[in-house]
Amino acid sequence: MTTPNPRRVDKPGLLIALALLVLAGLIWQDMSSLQLSSVYGLGPKAMPMVVSIGLAILAVGNAVSAFRGELPERESLRWTPILLIIGGLALLIAFVEFNVGFIPATAVLFACTSAAFGRRAFIIDLVIGLVAGLVIYLLFAKLLTLSLPMGPLERLIGA
Amino acid sequence: MESFFALAHGVTVALQPMNLLFALVGVLLGTAVGVLPGIGPALTVALLLPITFKLDPGGSIIMFAGIYYGGMYGGSTTAILINTPGESASMATALEGNKMAKAGRGGPALATSAIGSFVAGTIATLGLAFLAPTLVELAVQFGPEDYFALMCVAFVTVSATFGDSPVRGLTSLFVGLALGLVGIDKLTGQARLTFGVPELLDGVEVTTLAVGLFAVGEALYVASRRHIQEEVLEPVRGSLWMTKEDWKRSWKPWLRGTLFGFPIGALPAGGAEIPTFLSYSAEKRLTKYPEEFGKGAIEGVAGPEAANNASAAGTLVPLLALGLPTSATAAMMLAGFQQYGLNPGPLLFAERPELVWGLIASLFIANTMLLVLNLPLVGLWVKLLAIPQPWLYAGILVFATMGTIAAKPSVVELTMLGVFGVLGFLMRRFDYPIAPVVVGLILGPIAEAQLRRALSISLGDPMILLQSPISATLLGIAVIALILPFMLKGLNRFKMQED
Amino acid sequence: MSHYRKGLWRGMLAAAAVAGFVTTASAQMAELKIMAPAAPGGGWDQTARSMQQALTQSGLVKSVQVTNVPGAGGSIGIAQFVNGAKGAGDQLMVMGYVMVGALLTNKSPVTLDQTTPIARLTGEYEAIVVPANSPIKNAKDLAAAVKADPAKVTWAGGSAGGVDHIAAALFAKAVGADPTKINYIPFSGGGESLAAILGGKVTAGIAGYGEFESQIKAGKLRLIGLTTPAGKGTAEMPSLKDQGVDLEIANWRAVVAPPGITAEQKKALSDTIDKLVKSKEWQEILQQKGWDDAYQSGDAFAKFLTDDQVRTKEVLTSVGLVKS
C-alpha cells in the first residue's frame, strides 16, 4: 500500500488508538470490581484481563500506524445524509419510547432514509412508509401475535 | 436395509396431499420470517405452536420442518441482496454474496446458494437418516475441553476475514471479544460491563450487532459518499443463471461445506456459525482465484451456504436420537413434539417410527420444494436491486429495525442497533474489517465458558486439554493452521532465492 | 412496605374465603393482558400462552393478550410490570422460582414484594441423575462421595443461581458437606448439560424431571432421586427424602398481579384463575405438557412466596452467589 505522505501523523488514527485504550481501561476497571470468583478452575476475571491487555497492545499498534501515516486515505464525506439517517433512527426510538406507535415510527424512518439518499418527496415517502408499516404491523401483530409497540393508530386497528 | 423401507414408508406419509400442503405452508412461512433479521425459525415455531395445536401431530411437525429449512433460505437471500444477514449463520454468506450482487452477479449467487443448500440439505438429511445413532454416540463424547479446542481452530481461521492488515483485523476481533464480555457471566452469574443497564444483562444479541454493522453501517456509508460515487446497481450483468464456470467453482465448496456443517451441527454445542466460518476460510485458502475474495467470489457463497444448511440437519441428530435440543429451533420443535405427548429420544425411533421417518422424509420434500420455489424466483429477487436507491435503503433500514423491534421491543436494543450502525460506518471509513467483530462476539463467550467448564472439571489442571484425544488433535490442527502460512511463505522465499 | 403487605394479605384472605362460595355470580372478564417476562418459546411464555388458550376456550375471558418482555431471568419484565401496570386490574405476569433467584443475583431494584401475589399454578420436582455406568447407585453413594470430597463430584445443571444450582447446594448442605465447595458447572440450555452427563463428563446431573425422563426410561441415565416430599417416592421414582437426604424443592410457576390494585380487582383476578385451574381445558393442557398441578392461591400462596424468597436468599448467600 502506498501512502502519498508517509510522514504525516494521522489524527483520526490517533483518536482510534485512544478509544481502544479507553475501552481497555473500562474493561479492566469493570473486571476489578467483580466480587465473586469461581470455586474451581478459571474465574470470571481471566477473559476480561486477556481482552483488556489485548486491546491495550492493539491501541499501541494502531497508534504506531497512525504516526507512520499508514492508514488508508479517506475521501471527503457529507454529514447531512448521515445526520438524516441517524435522526430517523432517533425519531423511531423516541416514537417507540413515547408510545406513538410502530407504524408512524416506521414511516418516519423510511422517509428520513429516503431523503438521505437524495429524494425530495418527503410527504410521498412518508405515506409509502405508513402503508409499509401498516402491512408489516398487520402481518406480525395479527398473524403471528407478536407484541409490537402500540400507539393510537395501532389501537384503532386493534379495536 | 430396514432404514430404507422405513424411509420409503416415510416418503409415502409425507407425500399425502394434506402433508404436502403443510410442508408448503411451512417453507413459505419459514422463508418469509427467515428474511427478517431477529425473527428466526425458533420464534416462528414458538408463535405457531398454539395455532397448530389442533392439527394432527404428523402434519404440524412436517410444517415445522418446512419452517426450519425455509428460514435458512430466507436468511441468505437478504444477506446476498441487501447485505442484511437474516440470522447470524448467514453472515459468512453476506461477505461475498453481497459483493456479487453489487457486481450484477446476484443471480448466480442466489442460485449457488439455493442449489448448494439443496445439495447440502439432501446429503445431510441422508446422514441424519442413516448415521444419527452412530454420530450421536460420538457427539456426546465431546467434552468442554474439546469444544474449547474447536473454538481455537475457529479462531485461527478467522484471520481469513482480516483483510490486508493484521493489526486492523485483530483490532476488530478484540472489539468483538470485548462486546462478548457484556452480560451475565455464565459460570458465576455476575454482571460484567453492564453499567447497571438491566437490558445488557443478557449480553449483546448477535443479530443486532450483525445487522447494525452490516446493514445500517452500509446505509450510512453509501449515503455519506453519494456525492463522490453514485452507486449504480445493475441487477443483472452477464448471465442471470450460473455459468458452466460457476458450476465448476461451486460443487466442491458445496461438498466441503456439507462436511463442515453436518458433523459440527450434530455436536450439542456446535451451532451453525462455526461451520460457516470454517467453510469460508477453507474456501479462501483453497480457491484458485484468491484475488476475487473480498470482491465477490462464488466459492465464498457456495461453501458457507452449504455448511449452514447441513448444520441445520445436523442439529436434528441429537434432537431425534437423544431428545437433546441443541438450538433454539430444536428446542421449539421438541416442545412441538411434547405437545402431542411425544418424547424425542432413544425410544422415539422404536415407538413412533412412522413419525420420525415421516419427518425425515418431509425434510427431503421441504428441501426439494424450496429449490423448486426459489430457483424461478431468482430473477424476481434480483429485480429488488432495481428499486430506486432511496427506497431500497429506506426499506433495508425499516427491515433492520423491524426485526429488532419484533424480537426485543426495547429502546436499549434499538439504540444499540444505531450505535453499531455508526460503528460499522466508522469501520468502513477507516478500513477496518467488519466480520471479525461479529466472529469475536460469537466465539469469545463460547470459548471462555467451555475453557472454564473444562478447568472446573479438572480442578484447574490445564493438562486436560491435552489428555483428551479429540482436544489434542484439534489443538494440533489449530497450531498447524497458524504456522503453515508462515512456513509456506518462508519456503517460497527460499525457493525464490534458489532461483 | 411490610405493613402494606400485611393489609394486602388480610384482604386476600377475605377474598379467598369469599371466592370459594361466590363463583357463578361474577361475570366474564372482558379483557386480560398476560405478560411473559421471557422470549417466546420458554417455559413462562408457554405458560402464558397456555393460559390464553384455556381462558378464551373456556369462555372465562373474552380476549386475552400475551406480551413478551424478555431479559435477564425476568428482571426486565418485572421492572416494566411493576412500574408500568400499577393499579391495572386486568393484567397478570407469569413468573416462577427462577425469577426469585435471578432478581437476587442481578441485584434487581424491583422485588416480588412489590407485586400482588395471585396464585401458584404448576410445579416440577428436580431430579438428580448419574450416567448409567456410574459406580454411584443411590443417594447414599452420592452423599458419601460429596461428603468425601465435594470438589471431585461435578454437577451439570442450568444457569448459575438457578433452581438446579440451588438444589445442588442444598444437597451438599443436607449431607453435611460445605455447600460453598460444590463443583457446580452451569450449562446453557438443557441439551448441553444432558450431553455432558450422557458423555460421562460430569459425575451427576440435576434438572427438572421432564428433561431426563426419556433418557431414564431408555436406561441411559440412572435416577438417583427426586426432590419430592417424604413418602411420595416410588420404586421407579425414589424420593431423596426417603433415602435420608433432607432436600425438598420444586421449580414452580405462578401468576402475580400489578401493585396497587383494589381488593375487588384482586378478587376478580383470583376468581378467574381459580376457575381456570378447575377448567377442563387447563387440565388437558397440564396433561399434554406434563406439568404438575401445584395450584395454591390467596394467603397460602403469598406466604409461600415470601418464605421461598427468604430461603433462596439464604442458600444463594451460603453458596457465595449473593453477598449479604
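The following dialogue examines contacts, domains and side-chain pairs in a predicted model.

Biologist: What makes the meeting of chain B and chain A a contact, and how many residues does each chain give?

Modeller: A residue is counted if its heavy atoms come within 4.5 Å of the other part. On that basis, 66 residues of chain B and 65 residues of chain A take part.

Biologist: How is the size of such an interface expressed, and what is the value for chain B and chain A?

Modeller: The size is often given as the accessible area lost when the parts come together. Chain B and chain A bury about 5,700 Å² between them, and carbon and sulfur atoms account for 78% of that area.

Biologist: Which polar pairs or salt bridges are counted between chain B and chain A?

Modeller: The count of salt bridges between chain B and chain A is zero. Eight residue pairs are in polar contact across this interface, with both residues at pLDDT 80 or more.

Biologist: Which elements of chain B supply the side that touches chain A?

Modeller: Among the elements that give two or more residues are helix H3 (41-52), helix H8 (166-181), strand E2 (191-192) and helix H18 (435-457) of chain B. H16(B) provides the largest share, twelve residues. By class, this side of chain B has 42 nonpolar, 14 polar and ten charged residues.

Biologist: How is chain C divided, and where do the bounds lie?

Modeller: Chain C consists of domain 1 (2-123 + 252-319) and domain 2 (124-243). The centres of these two domains of chain C, taken over C-alpha atoms, are separated by 29 Å. Their contact takes nine residues from domain 1 of chain C and ten residues from domain 2 of chain C.

Biologist: What area do the two domains of chain C bury, and how many salt bridges are counted between them?

Modeller: Domain 1 and domain 2 of chain C bury about 960 Å² between them, 69% of it on carbon and sulfur atoms. The salt-bridge count between these domains is zero, and the count of residue pairs in polar contact, both at pLDDT 80 or more, is zero as well. On the side of domain 1 of chain C that touches domain 2 of chain C, helix H4 (97-105) and helix H11 (298-319) each supply at least two residues. H11(C) gives the largest share, six residues.

Biologist: Why is the pair of C:Trp252 and C:Phe301 called edge-to-face?

Modeller: Two values describe a pair of aromatic rings: the distance of the centres and the angle of the planes. The centres must lie within 6.5 Å, and planes over 60 degrees apart count as edge-to-face. The ring centres of C:Trp252 and C:Phe301 are 6.5 Å apart and their planes stand at 85°, so the pair is edge-to-face. C:Trp252 belongs to strand E9 (residues 250-257) of chain C and C:Phe301 to helix H11 of chain C, so the pair ties together parts 49 residues apart in sequence. The structure holds twelve aromatic pairs over all chains.

Biologist: How do you know that B:Arg168 and B:Asp431 form a salt bridge?

Modeller: The cut-off is 4 Å between a side-chain nitrogen of Lys or Arg and a carboxyl oxygen of Asp or Glu. The side chains of B:Arg168 and B:Asp431 meet at 4.0 Å, N to O, in a salt bridge. B:Arg168 lies in helix H8 of chain B and B:Asp431 in the loop between H17 and H18 of chain B, so this pair ties together parts 263 residues apart in sequence. Over all chains, the search finds 21 salt bridges.

Note on methods: Residues numbered from 1 in each chain as written. Chains lettered and ligands numbered in written order. Predicted model: local features only at pLDDT ≥ 70, side-chain atom pairs only at ≥ 80, totals over all residues. Heavy atoms only, no water. Buried area = accessible area lost by both parts, 1.4 Å probe. Polar contact = N/O pair within 3.5 Å; in protein donor to acceptor, adjacent residues only side chain to side chain. Helix = DSSP H or I, 4+ residues; strand = E, 2+ residues; numbered from the N terminus. Nonpolar A, V, L, I, M, F, W, Y, C, P; charged D, E, K, R; others polar. Domains from an automatic or database assignment. Phe/Tyr/Trp six-rings, centres within 6.5 Å; stacked < 30°, edge-to-face > 60°.
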